[in-house]
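Me: Please take a close look at one part of this model and then follow the trail outward from there. I would like a single connected account, with each cut-off spelled out where it is used.

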2 protein chains.
Amino acid sequence: MVKEIRETSPIKSWLTLLTMTSAIKKDVDARLRVQFDMSISRFDVLSALDRSKRNGLRAGELARQLFVSDGNTTQVMSRLVKEGLVLRRPDSKDARAINYSLSDEGKLLFDEMAAAHEQWIHSIFNELNDQKHRELGEILTLLKPELLSGSKPSKDDK
Amino acid sequence: MVKEIRETSPIKSWLTLLTMTSAIKKDVDARLRVQFDMSISRFDVLSALDRSKRNGLRAGELARQLFVSDGNTTQVMSRLVKEGLVLRRPDSKDARAINYSLSDEGKLLFDEMAAAHEQWIHSIFNELNDQKHRELGEILTLLKPELLSGSKPSKDDK
DNA sequence: AAGCATTAGTTTATATATAAACTAAAAAAT
DNA sequence: ATTTTTTAGTTTATATATAAACTAATGCTT
């Protein structure tokens, strides 16, 4: 009776995926810090605001897009506002809501960072040809897209 | 002049990779918290200690394996020791060094958690056949393995 | 052996993240 | 119209992470 040798297991795939992704993320974060005094979290906020164009986003919408808590958003936005990269305005329709948008300074800095960021990512992913990009995309979409809904597991799910 | 439409770009691949990986990680972390009052960080520590068998690991070696700072290790280990899951012993050869290993209770809990963890990962990755596992593994190894060395970028790298 | 440099780990200050309790405004129900 | 419930965001307590300054022991040099 020969023990079957499996070179690929879900656990191994997952560990490799997690390790490589974390390493790339740390590398990008470290580069943002060294070159722009920026973190990847704050960069992601600026990125979401940039995509939102002139209108900006409400605090809650930002939190939802970035998969972070409202409380975290409060903190991070207060820093970005203090640094002058983001404008904070009360919503005209709803007195509870806050609208955030890029300041001119924020837009300038973001464009500069985005260009550098694109180069870093290119240089990390340049070993992948178009075929491999498609394969990677396909594989990732096979992995339980319902995880992106943000629902929490409960004590008795299996 | 028609603008070329590229369905795959490194930036898109990277965003998908980061988003899916973070979502899976959050899901696993949430399940560990709900079912075992455990975080993924502490689980990773127990996992490294389990792999190290009887001998355990030094604080610095743990930090290196898990790609975290020494200071973080100090904190996390102090919690695991307080909870009785990990034993902390002075190294017999070097009075500066600390050796950590799983307690009996830690080993029991880890085995239980590892079995549940394996099931969760299976259920997330079960859409991938062996072929796709191999493809994923191959793709991930193409991505700058030197990032795993843990060196920091300097101000003037490009 | 004494002095210096390195190494192992801790401490402190700070950033980033969450959950839970809270405040205020808006929306829904009566 | 008043009460109740829901929604938007903040605050507080805590966990997790880092970098930089620090302490103590070890190893190296002379």
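Reply: Leaving aside residues up to four places away in sequence, B:Asp70 touches B:Gly60 and B:Ala63, where contact means heavy atoms within 4.5 Å. This is a predicted model, in which local features need pLDDT of at least 70 and side-chain atom pairs count only at pLDDT 80 or more, while totals for chains, interfaces and linings use all residues. Residues are numbered from 1 along each chain as its sequence is written, chains are lettered from A and ligands numbered from 1 in the order in which they are written, and side-chain values use heavy atoms, with hydrogens and water left out.

B:Asp70 belongs to helix α4 of chain B; helices (H or I, at least four residues) and strands (E, at least two) are DSSP runs numbered from the N terminus. B:Asp70 counts as exposed because its relative accessibility is 54%, given that exposed means over 50% relative accessible area, buried under 20%, and partly exposed in between, computed with a 1.4 Å probe on protein chains only. Along the chain B:Asp70 and B:Ala59 are 11 residues apart, and their C-alpha atoms are separated by 7.3 Å.

The helix that holds B:Asp70, α4 of chain B, leads on to the DNA, for α4(B) gives four residues, the largest share, to the surface near DNA strand D. A residue is near a strand if one of its heavy atoms lies within 4 Å of it. DNA strand D is surrounded by 26 residues, and the closest are A:Gly60, A:Thr74, A:Arg96, B:Ser39 and B:Ser69. At least two residues of this surface come from each of α3 (59-66) and α4 (70-82) of chain A and α2 (40-51) and α4 (70-82) of chain B. By class, the surface near DNA strand D holds six nonpolar, nine polar and 11 charged residues, where Ala, Val, Leu, Ile, Met, Phe, Trp, Tyr, Cys and Pro count as nonpolar, Asp, Glu, Lys and Arg as charged, and the others, Gly among them, as polar.

Of the atoms of DNA strand D within 4 Å of the protein, 72% belong to sugar or phosphate, and the rest belong to bases. Among the polar contacts (pairs of N or O atoms within 3.5 Å; within protein, one must be able to donate a hydrogen and the other to accept it, and residues adjacent in sequence count only if both atoms are side-chain atoms), a backbone N or O atom of A:Gly60 is 2.7 Å from a phosphate oxygen of DNA strand D. The bases are reached as well: a polar side-chain atom of A:Arg96 lies 2.6 Å from a base oxygen of DNA strand D, and an N or O atom in the side chain of B:Gln75 is 3.3 Å from a base nitrogen of that strand.

Turning to the other strand, 26 residues lie around DNA strand C, and A:Ser39, A:Ser69, B:Gly60, B:Thr74 and B:Arg96 come nearest. Of the atoms of DNA strand C that come within 4 Å of the protein, sugar and phosphate account for 71%. A polar backbone atom of A:Ser69 lies 2.5 Å from a phosphate oxygen of DNA strand C, and an N or O atom in the side chain of B:Thr74 lies 2.6 Å from a phosphate oxygen of DNA strand C. A:Arg96 has a polar side-chain atom 3.5 Å from a base nitrogen of DNA strand C. Here α4(A) provides the largest share of the surface, four residues, and the surface near DNA strand C divides into six nonpolar, nine polar and 11 charged residues.

Away from the DNA lists, the chains also meet through helices. The axes of α1 (residues 10-36) of chain A and α5 (residues 104-125) of chain B come within 9 Å and cross at roughly 85°; axes are lines fitted to C-alpha atoms, for helices over the stretch in contact, with angles from 0 to 180 degrees between N-to-C directions. α1(A) and α5(B) are therefore roughly perpendicular, the word used for 65 to 115 degrees, whereas under 35 counts as roughly parallel, over 145 as roughly antiparallel and the rest as oblique. This contact is made by A:Pro10, A:Ile11, A:Ser13, A:Trp14 and A:Leu17 on α1(A), and by B:His117, B:Glu118, B:Ile121, B:His122 and B:Phe125 on α5(B).
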